[in-house]
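Biologist: Could you take me through one chain of this model, and in particular how two of its helices pack? I would like the cut-offs spelled out as you go.

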Amino acid sequence: MTLSEFLEAVEHTHRTIVVYADEDDVGVVDQFDTRNVTVEHRRLPPGDPSGFLTIYDRDGFVGAVGLDELRDLLAPPIYRPWDEAFVSSGYRTLLEILDNTLFTSFVRRQLLATSREIENRAWRVGRGTLRVGFQSFAAMHAQQPVYERLAAETELDVHLYGRGDWGPPEIPDATIHREDAGEIGAYWFLAYDADGDETNECALLAEEWLADQYYGFWTYDADLVDHLLGYLVETYG
Amino acid sequence: MSGKDERDLFDGRRLGQIDDAVFTVMSDRHRRVALYFLLEYERMTLAELADVVTGWTAARRNGMATREERARVSSALYHHHVPEMVDAGLVDYDAATETVALAPLPDDVLELVEQTREYENHERRDAS
């Protein structure tokens with residue numbers, strides 16, 4: 001098993017997105033990967049300004065999202081994990097509707113917002129294990145204050161993964177894993193077990209394939225999260 | 001829609017010829033949306049109708065809808081809205097295929113539904 005095989009596994013969980021919109025309004029769905037998402041277009045009633053998507057998996061209807069709301073996903077608010085604003089944020093529901101959906105061209109800001117949603121769950125539950133991998137020393141360094149606070153003020157077991165030649169940071173109460181080569185340092189990931197509370201388990205896995213263009217997915221599927229966590233522990237400790 | 005047509009429909013004489021049951025149908029937003037989509041597609045399964053009513057309603061409040069909300073819409077359509085629309089003569093329902101089809105509508109009723117749709121579209125554009 002490798003991290004790229006987790007991406008391949010999600011390619012096989014098929015989604016259908018039906019877009020009800022005017023012709024010139026459909027660019028927002030170009031984000032999604034045709035390997036796992038089939039996009040169909042249908043007409044709105046004449047003159048209707050309220051485009052929307054309906055999303056289906058193999059069990060049927062998953063959710064619906066207004067196109068205006070979907071545009072917000074592409075320019076999401078960045079909260080800190082402990083911000084109260086998370087609780088009322090519609091962004092969380094949107095992430096749940098679109099989980100296990102492969103995206104091909106998300107930018108850093110979008111993934112940061114999704115990462116923060118995962119960290120917020122960890123903050124609220126306050127227990128369990130959070131494993132986080134970075135694609136660069138700069139990324140790890142930028143998030144250091146967040147993980148210092150998560151590790152210090154909760155009972156979370158925080159594990160950070162990076163390259164050996166990135167040097168510090170050292171974070172008290174967190175475990176740092178360093179690898180000199182391979183997939184650690186090549187993927188952006190977070191996986192949280194919610195201390196066994198399946199309703200709060202979540203993960204994100206993405207790879208930067210062009211400057212600020214990410215390919216990957218997020219998931220609230222407890223089995224998939226457990227699988228990813230198990231893989232990280234077995235392979236990297 | 002020209003000013004003349006609007007006067008014609010709303011000067012009271014023609015409106016008076018429309019059955020009250022039609023106005024009752026038009027008083028509910030989910031039923032109106034179902035009618036707008038049926039005017040466009042003519043025939044939809046109950047499941048498709050539940051999908052678009054759920055999605056359209058979510059879009060109008062700048063939001064989203066989950067499986068649970070769609071299940072509530074579907075149940076209300078099946079037990080309540082569609083039977084009312086059938087009773088008002090606006091749609092036909094085929095239980096075997098769970099399909100809702102637009103009934104042949106008198107011109108006055110068609111005009112009422114279309115003008116209401118235009119009004120709601122304008123209202124939405126003004127709000128956003």
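In what order do the elements of chain B run from the N terminus on?

Modeller: Happy to! This is a predicted model, in which local features need pLDDT of at least 70 and side-chain atom pairs count only at pLDDT 80 or more, while totals for chains, interfaces and linings use all residues. Residues are numbered from 1 along each chain as its sequence is written, chains are lettered from A and ligands numbered from 1 in the order in which they are written, and side-chain values use heavy atoms, leaving out hydrogens and water.

From the N terminus on, the order in chain B is α-α-α-β-α-β-α-β-β-α, which adds up to six helices and four strands. Both kinds of element are DSSP runs numbered from the N terminus: H or I over at least four residues for helices, E over at least two for strands.

On confidence, the mean pLDDT of chain B (the predictor's confidence in each residue, from 0 to 100) is 90, with 88% of its residues at 70 or more. For the complex, the predictor gives an ipTM of 0.87 and a pTM of 0.82.

Of the 128 residues in chain B, 47% are buried (under 20% relative accessible area, with a 1.4 Å probe and protein chains only). Among its contacts (heavy atoms within 4.5 Å) with a separation of 6 or more, 62% are between residues 24 or more positions apart.

Now for the helix pair. Two packed helices are described by the angle between their axes and the distance between the axes. In chain B, the axes of α3 (residues 29-41) and α6 (residues 107-127) come within 10 Å and cross at roughly 110 degrees. The axes are lines fitted to C-alpha atoms, for helices over the stretch in contact, and the angle between N-to-C directions runs from 0 to 180 degrees. Angles from 65 to 115 degrees count as roughly perpendicular, so α3(B) and α6(B) are roughly perpendicular to each other.

Which residues meet there? On the α3(B) side they are Arg29(B), Arg32(B), Leu35(B), Tyr36(B) and Leu39(B). Across from them, α6(B) brings Leu110(B), Val113(B), Glu114(B), Thr116(B), Arg117(B) and Glu120(B). A general point helps when reading such lists: an α-helix has 3.6 residues a turn, so residues three or four places apart point the same way.

Notes:
Angles under 35 degrees count as roughly parallel, over 145 as roughly antiparallel, 65 to 115 as roughly perpendicular and the rest as oblique. Buried means under 20% relative accessible area, exposed over 50%, partly exposed in between (1.4 Å probe, protein chains only).
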